[in-house]
Amino acid sequence: MDYSLYRAEDFAADESFISYHLGTDPAAVAFWESWISHHPEKLDEILTAEHLVDLLHLRLTQAEAAEERNRMLDFLQDTEEPRLATDGDTRYNTERSSRNIGRWVSVLVICAVLLLAFLGIRRYTVREKAPVEWLSSSNPAGKRSIIQLSDGSTVTLNANSTLFYPKVFRGDTRELMLTGEAFFEVAKNPQRPFIVRTGKLTTTVLGTKFNVSAASGSPKTQVALVEGSVKIKADQLKGEVILHPSQQVTYSEKDNSLTTSAFAAEEVLAWKNGTLIFKEASFQEVAEKLYQTYGITLKNHSPKQVWSYSGKFEKADYLTVIKSICYAKRLTYTVERDTVIIR
């Protein structure tokens, strides 16, 4: 099945997609979460399909139905025209009145449902007339960029990261999708929550500053809050976590858990200011950060395979960093195109 060819109505008619949206089949939920994360270009169709599924499964709760029934019974009884009756037809009139009331209630409930359905269809029709245009911004290794969103929010996108966002936000929410790392400065709008989706984690805010790190293939996702408050929800977990400034939450895909802790803003946001900070870092950690920042590959051909390196560099070029590391470790290096070999 090639779901990439599906349109909104196709998704809404698919039993597996319906089970995913209604949360009735864990296997379908897992499949569609993975599929959607790998096909962000279909987000607009997916959101429209979800609205359609909601519309097709529209129904009143028992409490709502009972409330409406009682309200209409009171109304009809109060407005029933009096009728002169003899003793012989009292029972007949009572039964007929009861049947009429039941008939009126049924008709009114049906009308209410049709009205709600009409409103839903109208919203869907308006959406079809004004489809959301999705944009994407990607940074290779060694590059950072700043993206201005239509609502006035600003996103600083790190290297090796991709952001999918609407050209113009429509509807009651402001939703986008991130792979990699970004710092968000969200314009306040209490009526339109700002939602960042990263794999299995959803971050919802009204107006705040926070950092999201969700590298592709990484088993962990982190959200660090600088200002304001955010609400974190993991797809497979009940409940949610509310963060306060200087707190971060870490989602572990392996354990399917959310852990809250304090964080040092200088370290978490160092990348945003072009600063490199190493704290007792292994060679692998040093190599990953150099590739992220400069797009160079670091190889260790020296006899020192176990590392523990600490250092801080502010807007330094990669050779300055390499020279400092080699000086501290008493090693040498050679450069071959975009690869640095430590000897």
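This briefing walks through a few spots in the structure above, from its core to its largest pocket. Keep in mind that you're looking at a predicted model. We'll start with the largest nonpolar core, which has 27 residues, then look at a strand pair and two buried residues, and finish with the largest pocket, at about 1200 Å³.

**The nonpolar core**

- If you want to find your way into the largest nonpolar core, look for Leu163, Leu176, Phe184, Phe194 and Phe210, since these touch the most other members.
- The element that gives the most to this core is strand E5, residues 174-185, with four residues.
- Now pick out Leu176: setting aside neighbours within four places in sequence, its contacts include Trp134, Leu149, Leu163, Phe184 and Phe194.
- The contacts of Leu176 also take in Arg197, along with Tyr165 and Phe169, among others.

**A strand with two faces**

- In a regular strand, side chains alternate between the two faces of the sheet.
- You can see that pattern in strand E15, residues 297-300, where Leu298 and Asn300 point to one face and are buried.
- Thr297 and Lys299 in E15 point to the other face and are not buried.
- E15 runs parallel to strand E18, residues 339-342, and four bridges join the two.
- One residue to try tracing is Lys299, whose bridge partner in E18 is Ile341.

**Thr162, buried in a strand**

- Thr162 sits in strand E4, residues 161-166.
- Thr162 has a relative accessible area of 18%, and because the cut-off for buried is under 20%, it counts as buried.
- The side chain of Thr162 makes a polar contact of 3.0 Å with the side chain of Ser138.
- Beyond its neighbours within four places in sequence, Thr162 also touches Ser137, Leu157, Met177, Leu178 and Thr179, as well as Ser138 itself.

**Gly207, buried in a loop**

- Gly207 belongs to the loop between strand E7 (201-205) and strand E8 (209-214).
- Its relative accessibility is 17%, so Gly207 counts as buried too.
- Not counting residues up to four places away in sequence, Gly207 touches Val186, Ala187 and Lys188.
- Gly207 and Arg192 lie 15 residues apart in sequence, and their C-alpha atoms are 9.7 Å apart in space.

**The largest pocket**

- The largest pocket has a volume of about 1200 Å³, and 39 residues line it.
- To spot the middle, look for Glu181, Ser213, Gln222, Glu288 and Lys289, the lining residues closest to the pocket's centre.
- Elements giving two or more residues to this lining include strands E5, E8 and E9 (220-227).
- Helix H7 (265-268), strand E14 (275-281) and helix H8 (283-294) each give two or more as well.

Key:
Residues are numbered from 1 along each chain as its sequence is written. This is a predicted model: local features need pLDDT of at least 70, side-chain atom pairs count only at pLDDT 80 or more; totals for chains, interfaces and linings use all residues. Side-chain values use heavy atoms; hydrogens and water are left out. A nonpolar core is a set of buried Ala, Val, Leu, Ile, Met, Phe, Trp, Tyr and Cys residues joined through side-chain atoms within 4.5 Å. Buried means under 20% relative accessible area, exposed over 50%, partly exposed in between (1.4 Å probe, protein chains only). Contact means heavy atoms within 4.5 Å. Two strands pair if DSSP finds at least two bridges between them. A polar contact is a pair of N or O atoms within 3.5 Å; within protein, one must be able to donate a hydrogen and the other to accept it, and residues adjacent in sequence count only if both atoms are side-chain atoms. On a 1 Å grid over the protein atoms alone, a cavity is a set of points where a 1.4 Å probe fits but cannot get out, and a pocket is an open set with protein on both sides within 12 Å along at least five of seven lines; lining residues have an atom within 4 Å of a point. Grid points are joined across faces, edges and corners, and a volume is the space filled by probe spheres set on the points.
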